[in-house]
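Work through the exercises below with the coordinates open. Try each task before reading its solution.

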Amino acid sequence: MDIQMLGTGSAFAKTYFNTNALIYADHNTLLLDCGITAPLSLHQLGKPLSEIDAVLISHIHADHIGGMEELAFRMKFVHGRRPVLYIPEPLAQPLWDSSLKGGLLQDECPSLDDYFDVRLIRPGAKTELLPGLAVEPIQTAHIPNKNSYSFLFNATFFYSADLIFNPELLRNLVEERGCETIFHDCQLKPPGIVHTTLDELLSLPLPVQERIWLMHYDDTKPQYEGKTGVMRFVEQHRRYRF
């Protein structure tokens, strides 16, 4: 599995774009979240929308779904197709009613299904998204009363999306489930009200820290180079193979 970050920044970062990614598996491409800056980042990479085979959404904040209106319109009216949209079942209706309906609703397009081939996935269950790429959505805490999901890919790669520090989950992933790599959101400066902070991650046992790569950071990142212990920063547009 290869992952390439379209952006590695927090919701309000201006330097690093929104934390969204492309995952490549068996000559197919999955778009993991599609925030406000995703279309621009894809353009900078020279990656046409037509080469995206499926989309996976973690939650419905704008830095994770703010680019979906453009994606939907361009796919439908330029490329003439509905991309596959994998989404945890509890998010599907709120995605349309609370986020996309205002811009996408037309007489001939009254629902999310008119723009996407919607495929609901069940939290806690494994689903094959693409050949060679399976995911288990894990419901995690982020914003009170809002559903949010992290993802475990192929039982070895954990992608936090956005979550409040959960040391028990991280230790279980490494010690019990054998997870090899963790891409984790990291708020560099406390307090960590809705995100995990760097200080919290530094409190984890060393064998867990060794598997962690830091993403979803703010524009002060250069000030923290060399101050993250054994954990490394994920870099925008770089492609990683695990």
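**Charged pairs and packing**

Glu225 is partly exposed, with a relative accessible area of 43%. The model behind this value is predicted.

**Exercise 1.** Find the salt-bridge partner of Glu225 and classify its burial.

*Solution.* Step one: Glu225 forms a salt bridge with Lys221, with the closest N and O atoms 3.2 Å apart. Step two: the relative accessible area of Lys221 is 5%. The cut-off for buried is under 20%, so Lys221 is buried.

**Exercise 2.** Which parts does the pair of Glu235 and Lys221 tie together?

*Solution.* Start with the distance: the closest N and O atoms of Glu235 and Lys221 are 2.9 Å apart, a salt bridge. Next, place the residues. Glu235 sits in the loop between β13 (232–233) and β14 (239–241). Lys221 sits in the loop between β12 (212–215) and β13. The pair therefore ties together parts 14 residues apart in sequence. Glu235 is partly exposed, at 28% relative accessible area.

**Exercise 3.** Locate Glu136 and Arg177, then compare their burial.

*Solution.* Their side chains meet in a salt bridge at 2.6 Å, N to O. Glu136 lies in strand β8 (residues 133–139), Arg177 in the loop between α5 (167–175) and β11 (181–185). The linked parts are 41 residues apart in sequence. Glu136 is buried, at 10% relative accessible area, whereas Arg177 is partly exposed, at 37%.

**Exercise 4.** Which members of the largest nonpolar core touch the most other members?

*Solution.* The core holds 56 residues; Leu56, Phe153, Tyr159 and Phe183 touch the most other members. Helix α4 (residues 89–104) supplies the largest share, 6 residues.

Key
Residues are numbered from 1 along each chain as its sequence is written. This is a predicted model: local features need pLDDT of at least 70, side-chain atom pairs count only at pLDDT 80 or more; totals for chains, interfaces and linings use all residues. Side-chain values use heavy atoms; hydrogens and water are left out. A nonpolar core is a set of buried Ala, Val, Leu, Ile, Met, Phe, Trp, Tyr and Cys residues joined through side-chain atoms within 4.5 Å. Buried means under 20% relative accessible area, exposed over 50%, partly exposed in between (1.4 Å probe, protein chains only). Helices (H or I, at least four residues) and strands (E, at least two) are DSSP runs, numbered from the N terminus. A salt bridge is a side-chain nitrogen of Lys or Arg within 4 Å of a carboxyl oxygen of Asp or Glu.
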